[in-house]
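Subject: Structure handover

Hello,

Here is the structure I said I would pass on. Please open it beside this email and follow along.

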Number of protein chains: 2
Amino acid sequence: MSSEAEASPPEQPKVSKKAAKKEEAKLEKLRRRQEASSAVAGAAPDEEDPLAGNYGEVPLPELQSKEEVREPYTAIGALAEEMKDETVVVRGRAQTIRAVGKKMAFVVVREKGFTVQCVVTEKEGLVSRQMVKFVASLNRESIVDVHGSLTVPSSPIKGATQQVEIQVSKIYCVNKALPTLPINLEDAARSEAEIEKALQAGEQLVRVNQDTRLNFRVLDIRTPANQGIFRIQSQVGNIFRQFLLSEDFIEIHTPKLIAGSSEGGSAVFKLDYKGRPACLAQSPQLHKQMAICGDFGRVFEIGPVFRAEDSFTHRHLCEFTGLDVEMEIKKHYSEVMDIVDQLFVKMFDSLNASCKKELEAVGRQYPFEPLKVIIR
Amino acid sequence: MSSEAEASPPEQPKVSKKAAKKEEAKLEKLRRRQEASSAVAGAAPDEEDPLAGNYGEVPLPELQSKEEVREPYTAIGALAEEMKDETVVVRGRAQTIRAVGKKMAFVVVREKGFTVQCVVTEKEGLVSRQMVKFVASLNRESIVDVHGSLTVPSSPIKGATQQVEIQVSKIYCVNKALPTLPINLEDAARSEAEIEKALQAGEQLVRVNQDTRLNFRVLDIRTPANQGIFRIQSQVGNIFRQFLLSEDFIEIHTPKLIAGSSEGGSAVFKLDYKGRPACLAQSPQLHKQMAICGDFGRVFEIGPVFRAEDSFTHRHLCEFTGLDVEMEIKKHYSEVMDIVDQLFVKMFDSLNASCKKELEAVGRQYPFEPLKVIIR
């Protein structure tokens, strides 16, 4: 479940004492700033507001499964122009907040990579000025519940993926983020090309470095490109698996803790297995061949493999997920070639069909050639 | 690909020197016996036989992808009574061989757990007496190519899964097994109940112990029960995955090599990661929670987890495949309960439907209660 764990990065690498102290001081400063800001802006809903029930922060006890309520949430990605005038409830992160005077505020709410623009306008008996103030004071990346009706603006919306707006009637903050996060999502989502272009125009944009991304991984994986990469990865495994299952392969899970190295002897991780030497499998080689000798005919595995090579480059991984296939040949090795051939055509075609949005999202930050199979 | 690796077990655990010597002597004896027997029985097809082309051992060079031939093999599991009088080619292991005088022999051929009875009868111009002799001298578990036409016998066949017989016109040995294997498949496939029953009737049947099974794993996994277990396991993963994908979950692969223990501190495998201490993940806990904080909403993983507990019982595994789910809750924990509930109903129903034969095969050797969901 989402929590406010963002301030304490969950995967802090070992750092020197000095660096640790510096980091601590930074976090302390952040904490103090946050307290100060919440004392001013994020104040409790104004007691004198008769519409106070339409907005505010949801206290923790109310979030603790006290009664079985099922709010009919709509996924932000599902909001479409055909739903005009419908009343919806959405939950997502307040990605950007912009106040226009004291009577109006815009919040772009994001869920799983999709965004929708929410409009809060003062309206008698429905939206108070305090409510607009509450919305304007929301911290970015806070989780909000938004109730409202859908409208379709006359001109296309640039700052959000969905081409509808929510005219907000109620808005609650379910989980409040820190006022200042170590990474701004729009900085993390920026492409190198964009940074270069701005530089040439004399403007310096923030570039988020790899170490910062890794130190605050939970924030970095919220970018559209990273959301896309994970979804595409899931889909690659799924297509690979479904194709092979349809070709009569069986999925197996081979041991990763083995008594000796699986191929070659050099780059293997060694460990102590209850007093005996053991290795981490560099591949499922031996065991998938055993499966073939054991009459399974065709097997595959998707799982981690471990390589202890001393290549400290950004193109080398000591642990990665292998997609591994083994099959018996009846007459000719072309039987394997046929499977591999069909597999890649299937994979590329399916990805282009089912992950169109995700491929586009990745391509915006990291441009790449389209996935195409050229048959000569 | 299948090979004659059966004599040298690929996964020999460390044993004492004395035991190793004993084992070596045993294998040497086996080897000698094999050589002697192949000199007598498995002799090359009789040169004087004008029908010699219809049977014999396929020499290795002929199996080496020299030309692109695709024999139209039929899967043994697909042979059915409707195919009566059709000519088929099947490939499988000669499970049992039985000669009836000099003019006739029966071979039960097995492929992926299915078996078919093949009949070789002397017939002028088609099947010579030498061919019957060749068939009778085949070693069990050898891989054979059988050509013939299908007949449907008047009484049901007991010794094979398919209710048709192949009237053999050609038979070739593609890969010859050792004359004496360390495990007999019918011994390995026997249930405890069967052994007990025979004992009470005064007959002692061979019981294959766990250590022998593990030392000759490639033979043991050929039993119907083990074939079933692997196929059911593959199917369990597949149903789990397809159900969750349909409920908008994403499949992730989390790191197995991590800097600290993932839950508790005691039972963790430690290793050296290029001079730094590292652990094997006891669960994907931390990383799947990071995925939720990273806005994926719903994630799952199927992969190995490592527990270094000192429980040396046959019910404990230091490495197993975990099916792991994590999801955000919108309003009430019953949302998780609903997913788990539907998942198990789906799993049991799908297994009963798609793995009927496999469940039966496992049940014959290891009886178990049917998979049923009782809703009260």
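Below are some notes on the contact between the chains and on the aromatic pairs.

Please keep in mind that this is a predicted model.

**The contact between the chains**

Chain A and chain B each put residues into the contact: 80 residues come from chain A and 80 residues from chain B. About 7100 Å² of area is buried between chain B and chain A, and carbon and sulfur atoms give 56% of this area.

Charged side chains also meet here, with 14 salt bridges found across the interface of chain B and chain A. One of them joins B:Arg110 to A:Asp295, where the closest N and O atoms are 2.7 Å apart. That pair counts as a salt bridge because the distance falls within the 4 Å cut-off. As for polar contacts, 36 residue pairs between chain B and chain A make one.

Which helix gives the most to the side of chain B that touches chain A? This is helix α7 of chain B (residues 224-246), which provides 10 residues. Sorted by class, the side of chain B that touches chain A holds 32 charged, 31 nonpolar and 17 polar residues.

**The aromatic pairs**

Over all chains, the count is 10 aromatic pairs. Two of them are described here.

One of these pairs is A:Phe269 with B:Tyr273, whose ring centres are 5.5 Å apart. Their planes lie at 10°, which is under the 30 degrees cut-off, so the pair is stacked. This pair crosses between chains. A:Phe269 sits in the loop between β8 (257-258) and β9 (270-273) of chain A, while B:Tyr273 belongs to strand β9 (residues 270-273) of chain B.

Are these two residues buried or exposed? A:Phe269 has a relative accessible area of 3%, so A:Phe269 is buried, the limit being under 20%. B:Tyr273 is at 30%, between the limits of 20% and 50%, and therefore counts as partly exposed.

Another pair is B:Tyr55 with B:Phe134, which is tilted: the centres are 5.5 Å apart and there are 45° between the planes. Here the pair links distant parts of the chain, as B:Tyr55 and B:Phe134 are 79 residues apart. B:Tyr55 is in strand β1 (residues 55-57) of chain B, and B:Phe134 is in helix α2 (residues 129-136) of chain B. B:Tyr55 counts as buried because its relative accessibility is 4%. B:Phe134, at 7% relative accessibility, counts as buried too.

Regards

Technical notes: Residues numbered from 1 in each chain as written. Chains lettered and ligands numbered in written order. Predicted model: local features only at pLDDT ≥ 70, side-chain atom pairs only at ≥ 80, totals over all residues. Heavy atoms only, no water. Contact = heavy atoms within 4.5 Å. Buried area = accessible area lost by both parts, 1.4 Å probe. Polar contact = N/O pair within 3.5 Å; in protein donor to acceptor, adjacent residues only side chain to side chain. Helix = DSSP H or I, 4+ residues; strand = E, 2+ residues; numbered from the N terminus. Nonpolar A, V, L, I, M, F, W, Y, C, P; charged D, E, K, R; others polar. Phe/Tyr/Trp six-rings, centres within 6.5 Å; stacked < 30°, edge-to-face > 60°. Buried < 20%, exposed > 50% of the residue type's maximum accessible area, 1.4 Å probe, protein only.
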